[in-house]
Amino acid sequence: MKNDVKFLWNRFSMREALLLGFCATFIVLTKATLRMKLGISGHSMFFMTFFLLLARGIVPKTGAATLVGLLAGAISIALGLAHKGPIIMLNFVFPALVIDSAGIFLPRFASCFLPCLIIGSMAAATKGVAEGIVLFFTGASIDIILLRALIEGAWAAFFGMLGSLPVPAIIRKLRTNRLIPAPGNGKGRASSAE
Amino acid sequence: MRRRMTGSDYACQYRAVDSPVHRLSAGWKMLISAALSIWILVVREPQPLLLATAACFLYYFFARLTLADLWRDIRFFLFQFIILLSLYLYKLGYPEGVWPGVRTSIQIVLFFIPGIVFLRTTQVSSMMKGLRGFVPYRILFLLFTSLRFVPFFAREMQEIFMAQKLRGARLSPQDIRRPVFWRDIFSCIIIPLLVRALKTADEAALSAEARGMGAHPRRTYYDVQELEKILASKEKTIQPTGK
């Protein structure tokens with residue numbers, strides 16, 4: 001199978017695009033099956049950050065996390081898991097954009113512990129931004145918006161950090177077993193079909 | 001006959017009833033939802049807000065959705081309502097902080113209601129049909145495939161979970177609560193699931209490429225009825241007209 005034939009955005013091969021789609025599926029599945037009724041804001045960021053970082057590590061190309069975020073949001077809406085309606089897309093896309101932006105400057109961050117932790121918490125903290133945007137349009141005062149965004153963002157960042165902890169070890173394990181390529185390595189892995 | 005309040009299993013679940021809202025196309029529903037949401041965001045005074053509230057609830061109940069559905073959809077926002085009201089009372093004091101806190105909280109809830117009505121009255125197939133007009137087919141293919149594999153991976157996760165438990169992995173509900181056993185979740189469930197996903201992506205990509213997916217700028221669809229029409233018209237041209 002030719003891994004270099006681009007299927008999507010002149011960047012991802014069909015295999016990579018499907019893999020990213022499956023990462024989006026995992027985000028939705030974990031969201032649906034592990035609905036933790038903790039009553040703590042931001043706990044959904046645990047698995048979201050985990051799979052977004054994993055997706056970026058498995059397909060080390062710019063746009064990978066964004067594609068996963070878009071697909072996960074669309075699947076959530078399609079399956080009726082979006083309790084806030086279509087605007088829940090912001091909760092998926094903002095963290096993904098942060099991860100992709102970080103990947104431009106640090107392509108190998110997914111296999112390093114500290115950068116992964118920092119980027120994961122930053123990505124998860126964008127949940128506060130999404131809340132802030134809605135509050136802004138309802139005419140709430142700036143300090144209320146900031147307070148609310150800070151509370152949401154802080155909890156989300158905490159869970160995002162927890163979610164990013166296992167990612168480097170998993171990525172290294174997959175790379176050691178030659179299941180995924182390293183970033184900057186143009187050669188794809190040996191296909192299971194070969 | 002006493003009307004029984006039936007509910008749904010989860011928030012924003014599609015409700016299969018017949019209503020004027022259900023019969024509208026996805027495009028019109030999105031337009032109405034967007035218009036209502038914008039209206040809700042711009043009102044600040046009590047009377048227009050009351051009008052907007054009435055319009056939202058009218059739209060909601062016009063879709064033959066029940067009070068139980070409404071409670072299931074908006075109960076999530078109760079927590080947010082309490083936090084916002086507390087923040088306003090902390091900032092402005094009592095009673096100056098009451099109206100802004102209540103108004104903002106109500107606006108947030110109402111803002112999401114039109115979107116919730118859209119999800120509750122639109123089937124996935126209608127949504128996808130509406131998207132076909134302007135979303136590239138490659139993205140739609142990915143979306144449909146990912147949706148299609150949701151039950152597959154749910155089953156895989158269950159099987160991996162059961163197999164690993166039989167092998168002695170600490171995955172019981174009591175064990176999962178202890179952080180020392182979280183390692184088992186990742187090494188016994190997540191990694192096998194990822195390996196399975198890699199293999200499935202290989203096979204699915206090979207299968208799709210063998211059918212020519214992505215080979216051309218526009219895709220074709222296998223339509224049995226269309227094929228039968230073509231075959232029928234060809235038979236007519238081939239058959240001799242005997243009188």
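Me: In this predicted model, two residues are in contact if their C-beta atoms, placed from the backbone, lie within 7 Å. How many residues of chain A are in contact with chain B?
Reply: Take the contacts between the two chains. On the chain B side, 51 residues take part. On the chain A side, the number is 45.

Me: Which element gives the largest share of the side of chain A that touches chain B?
Reply: Elements giving two or more residues there include strand E1 (6–8), helix H3 (64–78) and helix H5 (113–137) of chain A. Helices H6 (142–164) and H7 (167–176) of chain A are also listed. The largest share is 12 residues, and it comes from H1(A).

Me: By class, how many residues on that side of chain A are nonpolar?
Reply: Start with the other classes. Charged residues number 5 and polar residues 9. The nonpolar count is 31.

Me: What pattern does chain A follow along its sequence?
Reply: Chain A has 7 helices and 2 strands. Of its 194 residues, 59% count as buried. Read along the sequence, the pattern is β-β-α-α-α-α-α-α-α.

Me: Among contacts in chain A between residues at least 6 apart in sequence, what percentage join residues at least 24 apart?
Reply: The count leaves out pairs that are not at least 6 apart in sequence. Of the contacts that remain, those joining residues at least 24 apart make up 70%.

Me: How many residues of H3(A) are buried?
Reply: H3(A) has 15 residues and reaches 21 Å from its first C-alpha to its last. That is close to the 21 Å expected at 1.5 Å a residue. The helix is mostly covered, and its buried residues number 15 of 15.

Me: Which residues touch the most other members of the largest nonpolar core?
Reply: This core holds 108 residues. H1(A) gives the most to it, with 12 residues. The residues touching the most other members are A:Cys23, A:Ala55 and A:Val68.

Me: Where does this core lie relative to domain 1 and domain 2 of chain B?
Reply: Chain B is divided into domain 1 (20–131) and domain 2 (149–212). Their centres, taken over C-alpha atoms, are separated by 38 Å. Both domains give residues to this core, so the core lies between them.

Me: Leaving aside neighbours within four places in sequence, which residues is A:Ala55 in contact with?
Reply: A:Ala55 is one of the residues that touch the most other members of the largest nonpolar core. Its contacts, with neighbours within four places left aside, are A:Leu20, A:Cys23, A:Ala64, A:Ala65 and A:Val68.

Me: Why are the buried residues of H5(B) on the same side of the helix?
Reply: Helix H5 of chain B runs over residues 76–92 and reaches 25 Å, close to the expected 24 Å. Its buried residues are B:Phe77, B:Leu84, B:Leu87 and B:Tyr88. They sit on the same side because the arc they cover around the axis is only 95°.

Me: Which helix of chain A do the buried residues of H5(B) pack against?
Reply: The face turned away from the buried side carries exposed B:Leu78, B:Phe79, B:Ile82 and B:Ser86. The buried residues pack against helix H4 (67–74) and helix H6 (98–121) of chain B. From chain A, the partner is H6.

Me: Which peptide bond is cis, with omega near 5°?
Reply: Most peptide bonds are trans. Just after H5(B), B:Gly93 takes a positive phi of about 80°. B:Pro95 is placed in the loop between H5 and H6 of chain B. The cis bond runs from B:Tyr94 to B:Pro95.

Me: What phi does A:Asn10 have?
Reply: Most residues other than glycine have a negative phi. A:Asn10 is in the loop between E1 and strand E2 (12–13) of chain A. It is exposed, with 6 other C-beta atoms within 10 Å. Although A:Asn10 is not a glycine, its phi is positive, about 55°.

Me: Is A:Arg178 buried or exposed?
Reply: A:Arg178 is in the segment after H7 of chain A. It has a positive phi of about 55° although it is not a glycine. The exposed class takes 12 or fewer C-beta neighbours. With 10 inside 10 Å, A:Arg178 counts as exposed.

Me: What distance separates the C-alpha atoms of B:Asp18 and B:Phe111?
Reply: B:Asp18 is in the segment before helix H1 (20–23) of chain B. It counts as exposed, with 8 C-beta neighbours inside 10 Å. B:Asp18 and B:Phe111 are 93 residues apart along the chain, and their C-alpha atoms are separated by 24 Å.

Key. Residues numbered from 1 in each chain as written. Chains lettered and ligands numbered in written order. Predicted model: local features only at pLDDT ≥ 70, side-chain atom pairs only at ≥ 80, totals over all residues. Helix = DSSP H or I, 4+ residues; strand = E, 2+ residues; numbered from the N terminus. Nonpolar A, V, L, I, M, F, W, Y, C, P; charged D, E, K, R; others polar. Buried ≥ 20, exposed ≤ 12 C-beta atoms within 10 Å, placed from the backbone. Domains from an automatic or database assignment. Expected span 1.5 Å × (residues − 1). Arc of directions from axis to C-beta. Core = buried A, V, L, I, M, F, W, Y, C linked by C-beta atoms within 7 Å.
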